[in-house]
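Visitor: I am new to this structure. Please take me through one part of it closely, and start with the surface as a whole.

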Amino acid sequence: MHLQDALGRWRERFPDVLTRAEVVHGGAAEALLEASNSAALVVLGRRAPGLPMAAPRLGPVTHVVLHRAHVPVAVVPHD
């Protein structure tokens with residue numbers, strides 16, 4: 001699946017939300033922190049199959065972005 005295809009259904013569902021698709025080279029955490037300089041919100045996904053919501057587990061990228069981003073961060077569980 002291409003990035004534009006993955007974003008397409010969300011853009012259709014929420015047409016008033018401004019999004020920017022960009023592919024960058026390098027580490028994910030550093031790229032997201034850099035992007036947070038010009039964003040209003042950073043949204044990250046977290047895999048949550050079988051985990052109760054009371055026991056969230058975050059990966060290393062999410063952990064870094066939560067602590068160092070320049071804007072609010074939303075972590076959204078998904079399957």
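Guide: The accessible surface of the chain comes to about 6,300 Å². Carbon and sulfur atoms hold 58% of that area. Keep in mind that this is a predicted model. The chain has 79 residues, and 14% of them count as buried.

Next, the layout. Three helices and two strands make up the secondary structure of the chain. Read from the N terminus, the order is α-α-β-α-β. Contacts with a separation of 6 or more tell us how the chain meets itself. Of these, 61% join residues 24 or more positions apart.

Now the close look: helix 1 and what surrounds it. Helix 1 covers residues 3-13, and helix 2 covers 28-35. Start with Gln4, which is found in helix 1. Gln4 has a relative accessible area of 46%. That value falls between the 20% limit for buried and the 50% limit for exposed, so Gln4 counts as partly exposed. Set aside the neighbours of Gln4 within four places in sequence, and Gln4 is in contact with Arg11 and Ala21. Glu22 sits 18 residues from Gln4 along the chain. The C-alpha atoms of Gln4 and Glu22 are separated by 9.7 Å.

Move on to Phe14. This residue lies in the loop between helix 1 and helix 2. Phe14 has a relative accessible area of 40%. Again the value is between 20% and 50%, so Phe14 is partly exposed too. Phe14 has partners on the surface. Together with Trp10 and Val17, Phe14 forms a nonpolar patch there. The three residues share about 290 Å² of accessible area. A patch takes residues with over 30% relative accessible area, so Phe14, at 40%, passes that cut-off.

Last comes the largest pocket. About 1,600 Å³ of space lies in this pocket. Its lining counts 31 residues. Closest to the centre of the pocket are Leu7, Arg20, Leu32, Val42 and Val43. Which element gives the most to this lining? Helix 1 does, with six residues. Other elements take part as well. Helix 2, strand 1 (42-47) and strand 2 (73-78) each supply at least two residues of the lining, as does helix 1.

To go over helix 1 once more: Gln4 is found in this helix, and six residues of helix 1 line the largest pocket. In the loop between helix 1 and helix 2 is Phe14, which shares a nonpolar surface patch with Trp10 and Val17.

Notes:
Residues are numbered from 1 along each chain as its sequence is written. This is a predicted model: local features need pLDDT of at least 70, side-chain atom pairs count only at pLDDT 80 or more; totals for chains, interfaces and linings use all residues. Side-chain values use heavy atoms; hydrogens and water are left out. Patches are made of residues with over 30% relative accessible area and no salt bridge: like charges are joined within 9 Å, nonpolar side chains (Val, Leu, Ile, Met, Phe, Trp, Tyr) within 5 Å. Accessible areas come from the Shrake-Rupley method with a 1.4 Å probe; for residues, only the protein chains shown count as cover. A salt bridge is a side-chain nitrogen of Lys or Arg within 4 Å of a carboxyl oxygen of Asp or Glu. Helices (H or I, at least four residues) and strands (E, at least two) are DSSP runs, numbered from the N terminus. Buried means under 20% relative accessible area, exposed over 50%, partly exposed in between (1.4 Å probe, protein chains only). Contact means heavy atoms within 4.5 Å. On a 1 Å grid over the protein atoms alone, a cavity is a set of points where a 1.4 Å probe fits but cannot get out, and a pocket is an open set with protein on both sides within 12 Å along at least five of seven lines; lining residues have an atom within 4 Å of a point. Grid points are joined across faces, edges and corners, and a volume is the space filled by probe spheres set on the points.
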